[in-house]
Amino acid sequence: MTSDATYLELRGIQKRFGAFSALDDIDLSIRRGEFVCFLGPSGCGKTTLLRIIAGLETQTAGTILQAGRDISVLPPAARDYGIMFQSYALFPNLSVADNVAYGLVNRSHSKAQARPRVDELLQLVGLPGSGGKYPAQLSGGQQQRIALARALATSPGLLLLDEPLSALDAIVRVHLRNEIRALQRKLGVTTIMVTHDQEEALSVADRIVVMNHGVIEQVGTPMQVYREPASPFVADFVGKVNRLQAVAEGDHWFRCGDMRLQCSPGAGADFRAGREVALYLRPEDRVVDGVRDDDPMRCTGTVRQVEFLGSNCLAEIDVHGIPGQPIQLQFSLNQMDEFDVREGSSLRFALRADRLRVFPA
Ligand code: ATP
């Protein structure tokens, strides 16, 4: 049953290219007004899935419903979306105004009729008065704004963004992603963005669909995906993480090297004694201030190396009792001073039992 809030629903989407399975049984519901990111490494199938939603690629099996309408076999022109690609894909021989008006004129508006809407869109993307220019006269970031205006021109129900920022330099990219997010909120248009950049996905998405080898590994809010990764792949792909090999002892105790660590019951499944596991911990999930002597996660270690990152640093630490598995912990600059975090110094800290995630090794 499709709930009222569901705008786009994918059921059992499969895609084969010959014998190769690019997408395997994808089920996904996207709510009206949601901003969803498809995130995953190169080749995981995210672009193929977006193209299937757009009708630019035909699924081997499966159904797509948009606003309750079965669009599975409709040609692109009969679907209700605007799309923006990585490369600017503006028509170089058309003015900015004509580029933006393209979809409107295609839908039997005259240029004159389209004019007020074009002006409104140029205002919306922060480039008022640029209608008479040509794409070559604009920067990359400005061209992507025009491409966004063009994608929004017909007020589509769905906005599809295929790596729209990856050709831009870092500063413009961050700027534009914030603008796209603000605009999406303002318009309330249901949006799907494909990206391989986890920071981008974490910063703009309401929910992230993490994909790997043609399957969905996890669907969740940025916080859920970061804090409660559903699989080792998600833990590794989204954010930095430490991985410690350990052996379960039962009752949420784990032997790691010569140390015994106990994680909070809520932090992950328990494993039967003797099972080899991997403990995952983010670099910021440690305590340095007021470490209690009876804390089962209390450690001491020697700093091997410090990577300075501006507002904070990552210290690589040899933990005493856990040979051969150095971990990276994050410290603010103030903590670097306060706890004397530098190469060769000794540190006392505790790993946060409530943040440890445990997976089968
Ligand atoms: P990228 O970020 O590199 O574009 P992606 O996650 O978007 O990666 P897709 O482009 O969807 O990945 O491709 C998924 C898989 O399907 C890849 O292994 C790709 O080589 C394969 N593939 C895509 N299009 C075709 C095609 N037309 N013919 C054969 N194989 C294809």
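**Exercise 1. Two helices crossing**

Take helices α2 and α3 in this predicted model and work out which hand their crossing has.

*Solution.* Start with the hand: α2 passes α3 in a right-handed crossing. Next, locate the pair: α2 covers residues 96-106 and α3 covers residues 111-124. Their axes come within 9 Å and cross at roughly 120°. Now classify that angle. The roughly perpendicular range is 65 to 115 degrees and roughly antiparallel needs over 145, so α2 and α3 are oblique to each other.

**Exercise 2. The shell around the ligand**

List the residues around the ligand, then find which element gives the most to the shell.

*Solution.* Go through the list first: Phe17, Phe20, Ala22, Gly40, Ser42, Gly43, Cys44, Gly45, Lys46, Thr47, Thr48 and His196. Sort them by character and you get 4 nonpolar, 7 polar and 1 charged. Then map them onto the secondary structure: β2 (20-31) and α1 (46-54) each supply at least two residues. The top contributor is α1, with 3 residues.

**Exercise 3. A closer look at α1**

Decide whether α1 is largely enclosed or left open by the rest of the structure, and say what the backbone does just after α1.

*Solution.* Check burial residue by residue. Lys46, Thr47 and Thr48 are buried, and so are Leu49, Leu50, Ile52 and Ile53. That makes 7 of the 9 residues of α1, so the helix is largely enclosed by the rest of the structure. Three names here should ring a bell: Lys46, Thr47 and Thr48 are also among the residues around the ligand. Step past the end of α1 and you hit glycine 55, which takes a positive phi of about 80°.

**Exercise 4. The sheet of 4 strands**

Write down the strand order of the open sheet that contains β2 and pick out its edge strands.

*Solution.* The order reads β2-β1-β4-β5, with antiparallel pairing. β2 and β5 (69-70) stand at the edges; each has a single partner strand, so one side of each lacks a neighbour in the sheet. Moving inward, β1 (residues 6-17) and β4 (residues 61-66) run antiparallel and are joined by 5 bridges. For a concrete register point, pair arginine 11 with threonine 63 in β4.

**Exercise 5. The sheet of 5 strands**

Do the same for the open sheet that contains β20, and give the average turn between neighbouring strands.

*Solution.* Here the order is β13-β12-β11-β14-β20, again with antiparallel pairing. The edges are β13 (259-262) and β20 (357-360), each with a single partner strand, so each has one side left without a neighbour in the sheet. On average, neighbouring strands are turned by 40° against each other, direction ignored. At the β20 end, 4 bridges join that strand to β14 (residues 276-281). One register point to look up: valine 277 has proline 360 of β20 as its bridge partner.

**Exercise 6. Two faces and two partners of β19**

Split strand β19 into its covered and uncovered faces, then trace its pairing with β15 and β16.

*Solution.* β19 spans residues 346-351. Leu347, Phe349 and Leu351 make up the covered face, while Ser346, Arg348 and Ala350 make up the uncovered one. Now the partners. β15 (residues 286-287) pairs antiparallel with β19 over 2 bridges, and β16 (residues 298-308) pairs antiparallel over 5 bridges. To anchor each pairing, match arginine 286 with leucine 351 and glycine 301 with leucine 347. Both of those leucines, Leu351 and Leu347, belong to the covered face.

Notes: Residues numbered from 1 in each chain as written. Predicted model: local features only at pLDDT ≥ 70, side-chain atom pairs only at ≥ 80, totals over all residues. Pairing = 2+ DSSP bridges. Axes fitted to C-alpha atoms, helices over the stretch in contact; angles between N-to-C directions. Near = placed C-beta within 6 Å. Nonpolar A, V, L, I, M, F, W, Y, C, P; charged D, E, K, R; others polar. Buried ≥ 20, exposed ≤ 12 C-beta atoms within 10 Å, placed from the backbone. Parallel < 35°, antiparallel > 145°, perpendicular 65-115°, else oblique. Left-handed = near helix turned anticlockwise from the far one by under 90°.
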